[in-house]
Amino acid sequence: MYLSIGNDMAVRSSSIIGIFDLDNTTVSKRGREFLEKAEQEGQVVPCDDLPKSYVVTAEYGLARVYLTPFNTITLEKRLK
């Protein structure tokens, strides 16, 4: 099964590690460091709109962070 995350993109639901709210996680130092490191390593896939959350995936040994314009509640409902 796939999860549509906006911007004509979808990720395999079995590869999802977590769905995180962008505002809440960037408040903490660890959250900011995680996103900065992912961006430096080229793992962040941007979105066209203002991002509200991000989805962390791992598939085929590659970690990716997908920024999405949807909030976490919407993404969780789509998974069910």
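The exercises below work through the strands, a loop residue, the nonpolar cores and a helix of a predicted model.

Residues are numbered from 1 along each chain as its sequence is written, and side-chain values use heavy atoms, with hydrogens and water left out. Because the model is predicted, local features need pLDDT of at least 70 and side-chain atom pairs count only at pLDDT 80 or more, whereas totals for chains, interfaces and linings use all residues.

**Exercise 1.** Describe how strands S1 and S2 are paired.

Begin with the terms: strands (E, at least two residues) and helices (H or I, at least four) are DSSP runs numbered from the N terminus, and two strands pair if DSSP finds at least two bridges between them. S1 covers residues 2-6 and S2 covers residues 9-12, and four bridges join these antiparallel strands. Within the pair, Ser-4 stands opposite Ala-10. Finally, two residues lie between the strands of this hairpin, where Asn-7 takes a positive phi near 55°.

**Exercise 2.** Determine whether Ser-15 is buried or exposed, and find its surroundings.

First place Ser-15 in the loop between S2 and strand S3 (16-21). Its relative accessible area is 6%, and this residue is therefore buried, since buried means under 20%, exposed over 50% and partly exposed in between, with a 1.4 Å probe and protein chains only. Next, a polar atom of the Ser-15 side chain lies 2.7 Å from the backbone oxygen of Arg-12. Not counting residues up to four places away in sequence, Ser-15 touches Val-56, Thr-57, Ala-58 and Glu-59, where contact means heavy atoms within 4.5 Å.

**Exercise 3.** Identify the elements that give two or more residues to the largest nonpolar core.

A nonpolar core is a set of buried Ala, Val, Leu, Ile, Met, Phe, Trp, Tyr and Cys residues joined through side-chain atoms within 4.5 Å. The largest has nine residues, among them Leu-3, Ile-5, Ile-16, Ile-19 and Val-45. The elements giving two or more residues to this core are S1 and S3. A second, separate core of eight residues includes Leu-35, Ala-38, Val-56 and Leu-67.

**Exercise 4.** Work out which strands stand at the edges of the open sheet, and place helix H3.

The sheet has four strands in the order S3-S5-S6-S4, with mixed pairing. S3 and S4 (44-45) stand at the edges, each with a single partner strand, so one side of each is left without a neighbour in the sheet. Two bridges join S4 to S6 (residues 62-68) in parallel, and Val-44 has Val-65 as its bridge partner in S6. Lastly, helix H3 (residues 72-79) lies across S3, S5 (53-59) and S6, running at about 150° to S3; axes are lines fitted to C-alpha atoms, for helices over the stretch in contact, and angles run from 0 to 180 degrees between N-to-C directions.

Methods. A polar contact is a pair of N or O atoms within 3.5 Å; within protein, one must be able to donate a hydrogen and the other to accept it, and residues adjacent in sequence count only if both atoms are side-chain atoms.
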